[in-house]
Amino acid sequence: MLVPTSHGLYCPQGDFFIDPRRSVARAVITHGHSDHAYRGMDAYLCTQETVPILRHRLGAHGHYHGVRYGETVVMNGVRVSFHPAGHVIGSAQVRLEYAGEVWVVSGDYKRQADPFAVSFEPVRCSTFITETTFGLPIYRWPSPSVVAAEINNWWRENAAAGRTSIIQAYSLGKAQRIMGMVDASIGPMMATSAVHAMNTVLADAGHALPPWKNLAAVDRNEPLTGSLVITTGIDAALLRRCKDAATASASGWMAIRGFRRRGNHDRGFVVSDHTDWPDLMRTIRETGAERILATHGSTSAVVRTLQEQGLQAAELEDVGMERTE
Ligand SMILES: [Zn+2]
């Protein structure tokens, strides 16, 4: 039903690509991250929640068609539908059905609770194409409430010491998730430009984000002591503006001790929008798939483990793209 090509995953019967990275006529998009949604497609099919994100990132005048979760679009006889992936706002697994066969492409996904992304729903299928970004048994995420308490304590301590807290997070997904996780009574939340722009797009689309301020619009003489600044990158200008700041990164990679030590940040919080190992194994079981194709990250470890369990598993040709978190 799907074949890897230099442009991305292609469905010959339906004549469309899933998350193509080169210009094609018809693109089915799992979610709005830049390594899945590229510019230059004649037409995009995605969830209706993803449409404003694509407009913002890829240009206002593209041909975007948004559908509801669970709604079916038929393309040359192939029934295509989108199902919640729990990764970021609008993210979806793509289910394809043709001639009695069902394939599901997971896109990026997670099983942990997220204040804004609709929770992942397992979809029964014969072939499941799963992401394996964190596909090693060492990756086990702490519960979001534990991490939220860690971030709140860090922010509170910084505020008490007269410092600004700066947390680095990806602009789509991670930034909003952190805003929704933390205790907004500790202090004001500020967003740097990319985060502010994405927040604005999402809030305008009706997502109820907690209040935040656009850092660029705050008077330069106003002290930021006690604030939580959410940013995609920490540079010298930002550190100068914050004067006395504590910095942190929020990522699945923070589960690895060495990453915490090596990074330039004071703290690392384990917050990932990808599935960890136990949830990856659970999800594969819940799809009931006879065949699993692994893509991105630790594909070989996952394939080996599934084969040992007697499942039919293989690596999907690696598309070799950089991963966003
Ligand atoms: Zn993603």
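**Helix 7**

I began with the outward face of helix 7 and found that the side turned away from its buried residues carries the exposed Arg282 and Arg285; I keep in mind throughout that this is a predicted model. I then listed the buried residues of helix 7, which spans residues 277–287, and they are Trp277, Asp279, Leu280, Thr283, Ile284 and Thr287. These buried residues lie on the same side of helix 7, because they cover an arc of only 160° around the axis. The general rule I noted beside this is that an α-helix has 3.6 residues a turn, so residues three or four places apart point the same way. Looking for what the buried side meets, I found that it packs against strand 10 (101–105), strand 11 (127–132), strand 18 (291–297) and helix 8 (299–308). After helix 7 comes Gly288, and I noted its positive phi, near 70°.

**Helix 1**

I turned next to helix 1, residues 51–58, where the buried residues are Val51, Pro52, Ile53 and Leu54. Among the elements covering them I found strand 5 (43–47), strand 6 (64–67) and helix 4 (193–204). Just past the end of helix 1, I looked up Gly59, which has a positive phi of about 120°.

**Strands 7, 8 and 9**

I followed strand 8, residues 78–84, and saw that five of its seven residues are buried, so the rest of the structure largely encloses this strand. On one pairing, strand 7 (residues 72–75) runs antiparallel to strand 8 and is joined to it by four bridges, with Val74 having Arg79 as its bridge partner in strand 8. Two residues lie between the strands of this hairpin, and there I found Asn76 with a positive phi near 50°. In another pairing, strand 8 meets strand 9 (residues 92–98) in the antiparallel sense over six bridges, and I recorded Leu96 of strand 9 as the bridge partner of Val80.

**The parallel sheet**

I traced an open sheet of six strands, which stand in the order 14-13-15-12-16-17 with parallel pairing. Its edges are strand 14 (213–214) and strand 17 (267–269), each of which pairs on one side only. At the strand 17 edge I looked up the pairing with strand 16, which is parallel and runs over three bridges; there Ala248 stands opposite Arg267 of strand 17.

**Helix 3**

I checked helix 3, residues 174–181, and found it mostly covered, with seven of its eight residues buried. Those buried residues are Lys174, Ala175, Gln176, Arg177, Ile178, Met179 and Met181. Their packing partners include strand 12 (164–168), strand 13 (189–191), strand 15 (228–231) and strand 16 (245–250), and I also noted helix 2 (144–160) and helix 4 among them.

**Two domains**

I then looked up the domain assignment, which gives domain 1 as 3–139 + 274–315 and domain 2 as 144–269. Taken over C-alpha atoms, the centres of domain 1 and domain 2 are separated by 29 Å. Where the two meet, 16 residues of domain 1 are in contact with 13 residues of domain 2, and the side of domain 1 that touches domain 2 consists of nine nonpolar residues, six polar and one charged.

**Confidence**

Last, I checked how far the prediction can be read: the chain averages a pLDDT of 94, and 96% of the residues score at least 70. I set residues 319–325 apart in my notes, since pLDDT stays under 50 there, although the model has 18 contacts beyond four places in sequence for this stretch.

How values were computed:
Residues numbered from 1 in each chain as written. Predicted model: local features only at pLDDT ≥ 70, side-chain atom pairs only at ≥ 80, totals over all residues. Buried ≥ 20, exposed ≤ 12 C-beta atoms within 10 Å, placed from the backbone. Contact = placed C-beta atoms within 7 Å. Arc of directions from axis to C-beta. Domains from an automatic or database assignment. Nonpolar A, V, L, I, M, F, W, Y, C, P; charged D, E, K, R; others polar. pLDDT = per-residue confidence, 0-100. Pairing = 2+ DSSP bridges.
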